[in-house]
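User: I am new to this structure and should be grateful for a close look at a single part of it. Please set that part in its surroundings in one connected account.

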Amino acid sequence: MRFSKLRLTGFKSFVDPTDLVISDGLTGVVGPNGCGKSNLLEALRWVMGENRPTAMRGGGMEDVIFAGAATRSARNFAEVSIQIENSDRLAPAGFNDQDQIDIVRRITRDVGSAYKVNGKDVRARDVQMLFADASTGAHSPALVRQGQISELINAKPKNRRRILEEAAGISGLYQRRHEAELK
Ligand code: ATP
Ligand code: MG
């Protein structure tokens, strides 16, 4: 299972549709301050189901929508899609019969977020679970933000355990237990 393409439309500074092709091996993103490098990582986290505005460096969820610039007016929606190459068939159950998995998240002003997996409407939870079961996702320790290393060092034991559980790929089980207890 491997990310092969990220597409952003109206997401933060990426007003026009922009593709980031992710090839085998190492991909580097370089550019001057403020050109949108961190926005790319936020887009990845967002399409995987991130729902905390603070993680997106915004005040509200709609802050990810292109807010306008001197020569461009604001957009009404933001959309990010991620293409996952699954020829190794390592995707979690329910997705492991597909060669390629396309996940799309769109947020529309005053409407909210909608998700699609391979063209079908799904819930945020389905997308979050897909990545939790694959030991990756919006809260994955594989996505390291600036300042996060010192956060880990200074974290309280309980929070540090959460990060380790995410790394061990068992956080999806906790979510399911929590939901089972609510029923
Ligand atoms: P650095 O090298 O300083 O870390 P960077 O390449 O990571 O920079 P980002 O932080 O990804 O840059 O991009 C910041 C830019 O994104 C700023 O110019 C900011 O105005 C723009 N931006 C953020 N949110 C929006 C939005 N909703 N609409 C339009 N532009 C936005
Ligand atoms: Mg940055």
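Analyst: Helices (H or I, at least four residues) and strands (E, at least two) are DSSP runs numbered from the N terminus. The model is predicted, with local features needing pLDDT of at least 70 and side-chain atom pairs 80 or more, while totals for chains, interfaces and linings use all residues. Residues are numbered from 1 along each chain as written, and chains are lettered from A and ligands numbered from 1 in written order.

The part chosen is the stretch that a record marks as a binding site. In the unreviewed UniProt entry, this annotation covers Pro32, Asn33, Gly34, Cys35, Gly36, Lys37, Ser38 and Asn39; such annotations may be inferred rather than shown by experiment. Pro32 belongs to the loop that leads from β2 to α1, and Gly36 also has its place in the loop between β2 and α1. Helix α1 itself spans residues 37-47.

Two of the annotated residues can be described by their surroundings. Pro32 counts as exposed (12 or fewer other C-beta atoms within 10 Å), because it has 7 C-beta neighbours inside that distance. Gly36 has 17 such neighbours and therefore counts as partly exposed, the class between exposed and buried (20 or more). Beyond its neighbours within four places in sequence, Gly36 is in contact (C-beta atoms within 7 Å) with Lys12, Ser13 and Phe14.

Ligand 1 brings several annotated residues together with another part of the chain. The residues that surround ligand 1 number 14 (C-beta atom within 6 Å), and the closest are Asn33, Lys37, Ser38, Asn39 and Ala67. Of these, Asn33, Lys37, Ser38 and Asn39 are covered by the UniProt annotation.

The elements on either side of the loop belong to a wider arrangement. Strand β2 (18-21) is an edge strand, as is β6 (120-122), each pairing on one side only. The open sheet consists of six strands in the order β2-β1-β3-β4-β5-β6, with antiparallel pairing; strands pair when DSSP finds at least two bridges between them. Strand β1 (residues 2-9) is joined to β2 by four bridges, and Arg7 stands opposite Asp19 in β2.

On the other side of the loop, helix α1 lies across β1, β2, β3 (77-85) and β4 (100-108), at about 80 degrees to β3. A second helix, α2 (residues 124-133), lies across β4, β5 (112-117) and β6, running at about 55 degrees to β5. Further along, Arg57 lies in the loop between α1 and β3; its phi is near 50 degrees, a positive value in a residue other than glycine. Arg57 counts as partly exposed because it has 13 C-beta neighbours inside 10 Å.

Definitions and conventions
Two residues are in contact if their C-beta atoms, placed from the backbone, lie within 7 Å. Axes are lines fitted to C-alpha atoms, for helices over the stretch in contact, and angles run from 0 to 180 degrees between N-to-C directions.
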